[in-house]
Amino acid sequence: MSKLSNPSLLLLRNEEELSGSNILVINTNRDGFLSQLSQLNPNATINAFSYNVADHNDSSKYPDVHSFVDCKLPSLESLDLIIYYYPKSKPEALMMLDNIRSIANNNTRLLVVGDNKGGVKSVEKQLKPFAEQFYKLDSAKHCVLYEFSELEPFESFDIKRYQNLFTVKVAEQEFTAVSLPGVFNHGKLDVGTRLLLENIPVPYKGKVLDFGCGAGIIATFVGTQQSELKLSCLDVNALALYATQQTLTLNNLTAECILSDGMNEVSGQYHLIISNPPFHTGIATDYGIAERFLEQAKGFLKPNAQIQIVANNFLKYPPILEQQFGKFTVLAKNTKFTVYQASK
């Protein structure tokens, strides 16, 4: 079992607050907390939710936990306890808090826990106006635990309210993209992806996979440039896939959208895999996702197919590219990012 995270340890230090008959846990840390919660509430219905399919896959390991992954909470009735691990993104938290109030009832207690560095203290201002009762229950290990109850209902949560439309101008192309809170570089084109798109040759036909698609900017760029391409878009985050679908639709494009932890749900082979691979998980930096992607990608490339990626200069991708592909080319480089290309 994974070592319990500090937010989970703080929750379990207050185990008398963790009792309920119908419990929902949001954004659990993949650390075994759900197992501990089940032991404390052997007769309860325990539900887990995340936007992230890797979290969902982990929660699904527990036989007595009902796990959900989507871009909004399931409509669960009679919840008496919701436990929310506060995220790194404040706009994402605001959206989720609205969503929580839309499914909570007058008897629902909401516990919010998080790391100080992750901005958990923001929840006081964000939620106090909408709760009759508010307590700071405990703090330890640089984390804080809050309780809110008698939440003011939020009528008809609609994710479209939180969409952000923005214009992407890159490499003589211009199109509109749709983003959501919690999606990578919400509401703007990041400098790494810009460097990638300004320096890649786009094939005129074949199958293209946009790995870690975010708001679908890379897929929209190549699809708009070459209409014969068959696009696939993959992300670990259901919010990202929703945003990608909206972006593609807005630009009269279609793609296969794959919710997947790494390449786990991918089948078939591609003429091009293109990516600004993710390397952040929560507050800590995690390179494992991108490294695993580079190690797996070769198996999903057709003969003579290519992989094109952009990465921070401090990431040690050249040895991995060399190991997997034998050699690689640097297409572009600036003070922060490098664009690599390798062929099978």
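**Reading notes on loops, helix pairs and selected residues**

1. S78 has its place in the loop between β3 and β4, and the reader should keep in mind from the start that this is a predicted model. The backbone of S78 has a positive phi of about 60°, although the residue is not a glycine. With a relative accessible area of 55%, S78 is exposed, because a value over 50% is what counts as exposed.

2. S75 also deserves a look, since S75 lies in the loop between β3 (65–69) and β4 (81–85). Its relative accessible area is 70%, and S75 is therefore classed as exposed. How far apart are S75 and I103 in sequence and in space? The two residues are separated by 28 places along the sequence, while their C-alpha atoms are 6.2 Å apart in space.

3. N304 is a further residue with a positive phi, here near 65°, and N304 too is something other than glycine. N304 is found in strand β16, which covers residues 301–312. At 67% relative accessibility, N304 counts as exposed.

4. T108 sits in the loop between α4 (90–103) and β5 (109–115). Is T108 buried or exposed? The relative accessible area of T108 is 0%, so this residue is buried, given that anything under 20% is counted that way.

5. The side chain of T108 has two polar partners that can be traced in the structure. A polar atom of this side chain lies 2.7 Å from the backbone oxygen of L79, and the side chain of T108 also reaches the backbone nitrogen of N105 at 2.9 Å. If residues up to four places away in sequence are not counted, T108 touches L79, D80, L81 and I82, together with F148, S149 and E150.

6. H142 is placed in the loop between β6 (131–140) and β7 (143–151). Its relative accessible area of 63% makes H142 an exposed residue. Once the neighbours within four places in sequence are left aside, H142 is in contact with G114, D115 and N116. As for distance, H142 and L79 are 63 residues apart in sequence, and their C-alpha atoms are 29 Å apart in space.

7. Y242 belongs to helix α8, which runs over residues 238–250. Y242 has a relative accessibility of 11% and so counts as buried, because the limit for a buried residue is under 20%. Apart from its neighbours within four places in sequence, Y242 is in contact with C71, I159, K160, Q163 and L180. Between Y242 and G114 there are 128 places in sequence, and from C-alpha to C-alpha the two are 26 Å apart in space.

8. The next point concerns a pair of helices. The axes of helix α1 (residues 6–13) and helix α2 (residues 33–40) come within 11 Å and cross at roughly 10°. The two helices α1 and α2 are therefore roughly parallel to each other, since angles under 35 degrees are counted in that class. Where they meet, S8, L11 and L12 of α1 face F33, Q36 and L40 of α2 in contact. Sorted by class, this contact of α1 with α2 is made up of four nonpolar and two polar residues, with no charged ones.

9. Helix α6 (residues 191–198) and helix α7 (residues 217–225) form another pair, packing at an angle of about 20° with axes 11 Å apart. How do α6 and α7 run, roughly parallel or roughly antiparallel? They are roughly parallel to each other, because their angle of about 20° falls under 35 degrees. The crossing of α6 and α7 is right-handed. In this contact T193, L196 and L197 in α6 meet I217, I218 and F221 in α7, and by class the contact has five nonpolar residues, one polar residue and no charged residues. A general rule is worth recalling when looking at such helices: an α-helix has 3.6 residues a turn, so residues three or four places apart point the same way.

10. A last point is how far α7 is covered. Seven of the nine residues of α7 are buried, and the helix is thus mostly covered. These buried residues are I217, I218, A219, T220, F221, V222 and G223, and I217, I218 and F221 have already appeared above as residues of α7 that meet α6.

Conventions:
Residues numbered from 1 in each chain as written. Predicted model: local features only at pLDDT ≥ 70, side-chain atom pairs only at ≥ 80, totals over all residues. Heavy atoms only, no water. Helix = DSSP H or I, 4+ residues; strand = E, 2+ residues; numbered from the N terminus. Buried < 20%, exposed > 50% of the residue type's maximum accessible area, 1.4 Å probe, protein only. Polar contact = N/O pair within 3.5 Å; in protein donor to acceptor, adjacent residues only side chain to side chain. Contact = heavy atoms within 4.5 Å. Axes fitted to C-alpha atoms, helices over the stretch in contact; angles between N-to-C directions. Parallel < 35°, antiparallel > 145°, perpendicular 65-115°, else oblique. Left-handed = near helix turned anticlockwise from the far one by under 90°. Nonpolar A, V, L, I, M, F, W, Y, C, P; charged D, E, K, R; others polar.
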